[in-house]
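Here are some short exercises to work through with the model open beside you. Try each task before you read its solution.

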Amino acid sequence: MSELWANTGTIAAIATAVVPQQGSVGIVRVSGDHAIAIAQTLFYAPGRQIWESHRILYGYIRQPETKQIIDEALLLIMKAPRSFTRENVVEFHCHGGIMAVQQVLQLCLENGARLAQPGEFTLRAFLNGRLDLTQAESIADLVGAKSPQAAQMALAGLQGKLAEPIRKLRANCLDILAEIEARIDFEEDLPPLDQKRIITEIEQLSGEINKLLATKDKGELLRTGLKVAIVGQPNVGKSSLLNAWSRSDRAIVTDLPGTTRDVVESQLIVGGIPVQVLDTAGIRETTDQVEKIGVERSHRAANAADLVLFTIDATAGWTPADQEIYAQIKHQNVILVINKIDLISLAEQENLKSQILNPKSQIVTAAAINQGIDRLEMAILEIVQAGKVQSADMDLAINQRQSAALIKAKSDLEQLQFTITEQLPLDFWTVDLRGAIQALGEITGEEVTESVLDRIFSRFCIGK
């Protein structure tokens with residue numbers, strides 16, 4: 001993507017998902033100096049429609065030489081700088097599916113455009129000052145949001161709510177740097193620096209950085225979701241639990257042990273958090289080769305999960321086989337699910353609970369009759385809140401790249417405090433401070449390298 005720094009040429013790409021026989025509208029986006037000329041070559045607007053910015057034209061997309069009609073469409077014109085990329089942009093709104101948009105894209109490429117690279121439209125918006133780097137990353141987060149809360153978090157970033165505190169931190173650091181450099185250049189004309197005040201200001205800046213760093217785990221959770229594995233012996237009700245929880249018949253349920261031979265997956269939202277639920281094969285010793293493969297996959301799914309729902313059969317009680325399974329997963333976050341609780345008496349329930357001392361969190365369910373699912377979700381959220389996620393009330397969260405830059409800035413500020421207390425020369429102060437300023441600038445893109453841009457925008461889809 002390095003050649004994109006030149007920001008030259010007219011680019012085109014399909015900007016909507018292309019699914020065979022699905023989708024009512026498909027959009028081909030073109031951006032660059034020749035975008036409008038390409039539109040005028042390909043688009044026929046009958047009547048006296050006016051070709052002006054931010055107007056939608058109705059007409060036909062035609063092959064320029066033969067005048068063969070490719071599609072009936074709408075054309076949206078956005079002249080620079082009033083566009084997403086701050087370049088001339090046109091969009092052909094075609095019929096959905098595959099053929100129409102692919103033919104229109106091909107015509108654009110044959111008439112002066114080149115195929116856009118992943119994220120190139122958003123990259124141009126960044127390079128042309130339309131967005132900062134946090135807003136660009138928020139666009140990718142918004143496209144990939146798996147829950148309403150994740151979408152709201154991304155939208156907050158797109159509106160600049162993350163960039164604002166970062167810019168304020170950087171501006172404060174620049175003010176301190178200016179004050180220090182003034183003493184270096186005009187030491188005889190200015191009063192001495194108030195070192196205690198500067199240390200206090202640095203501590204305040206570090207405190208603000210810590211607040212932002214505390215949002216990283218929340219952001220990762222909302223972006224990537226929580227992976228939950230349901231494990232246990234065969235026929236304890238794991239598949240019934242998945243079906244009750246997902247309100248669907250995702251998994252086959254029978255009275256025969258070993259029905260589930262492979263991992264069955266379902267996507268849910270719990271308290272605004274995307275949850276990937278894995279119903280695994282029952283764990284037991286078996287000579288059946290296919291079931292044995294399923295048991296191995298169950299172990300792998302449990303080891304890779306963020307949270308394990310260890311399910312047992314209330315009618316069978318806590319068995320040696322359960323104890324053996326628990327010994328293999330006890331190092332993870334575990335919720336014990338005592339299922340089929342409707343099939344035993346209250347006295348038997350209390351007796352069973354008293355036998356189970358190991359798992360810290362346990363709930364009772366009757367998955368076959370949809371009981372206990374609310375308690376299960378509450379238990380999951382309690383574990384999440386008891387962990388590293390401390391900022392659920394915030395509407396912004398940093399990502400891994402931003403976190404690394406903030407940690408670097410904090411480290412430089414801590415080194416600056418040491419430099420001051422050790423009474424080192426002012427030139428040493430500026431080195432540490434410049435490091436913090438550069439790290440903060442990398443977050444918003446005020447100071448950014450080509451490799452960072454390549455890494456960020458390569459993860460975008462082509463039409464963005």
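**Exercise 1. Find the long-range contacts of Leu440, then place this residue in a core.**

Step 1. Skip the neighbours of Leu440 within four places in sequence; the residues in contact with Leu440 are then Ile166, Leu169, Arg170, Cys173, Leu406 and Ala409. Contact here means heavy atoms within 4.5 Å.

Step 2. Leu440 is, with Leu406, Leu413 and Leu433, among the residues with the most contacts inside the largest nonpolar core, which has 30 residues. Such a core is a set of buried Ala, Val, Leu, Ile, Met, Phe, Trp, Tyr and Cys residues joined through side-chain atoms within 4.5 Å.

Step 3. Two or more residues of this core come from each of helix 6 (163–185), helix 7 (195–213), helix 14 (400–421) and helix 15 (426–444). Helices are DSSP runs of H or I with at least four residues, and strands are E runs of at least two, numbered from the N terminus.

Step 4. A second, separate core has 28 residues, including Leu242, Ile335, Ile363 and Ile380.

A note on the basis: this is a predicted model, where local features need pLDDT of at least 70 and side-chain atom pairs count only at pLDDT 80 or more, while totals for chains, interfaces and linings use all residues. Residues are numbered from 1 along each chain as its sequence is written, and side-chain values use heavy atoms, leaving out hydrogens and water.

**Exercise 2. Decide whether Arg29 is buried or exposed.**

Step 1. Locate Arg29 in strand 2 (residues 25–31).

Step 2. Arg29 is buried because its relative accessibility is 14%, the cut-offs being under 20% for buried, over 50% for exposed and partly exposed in between (1.4 Å probe, protein chains only).
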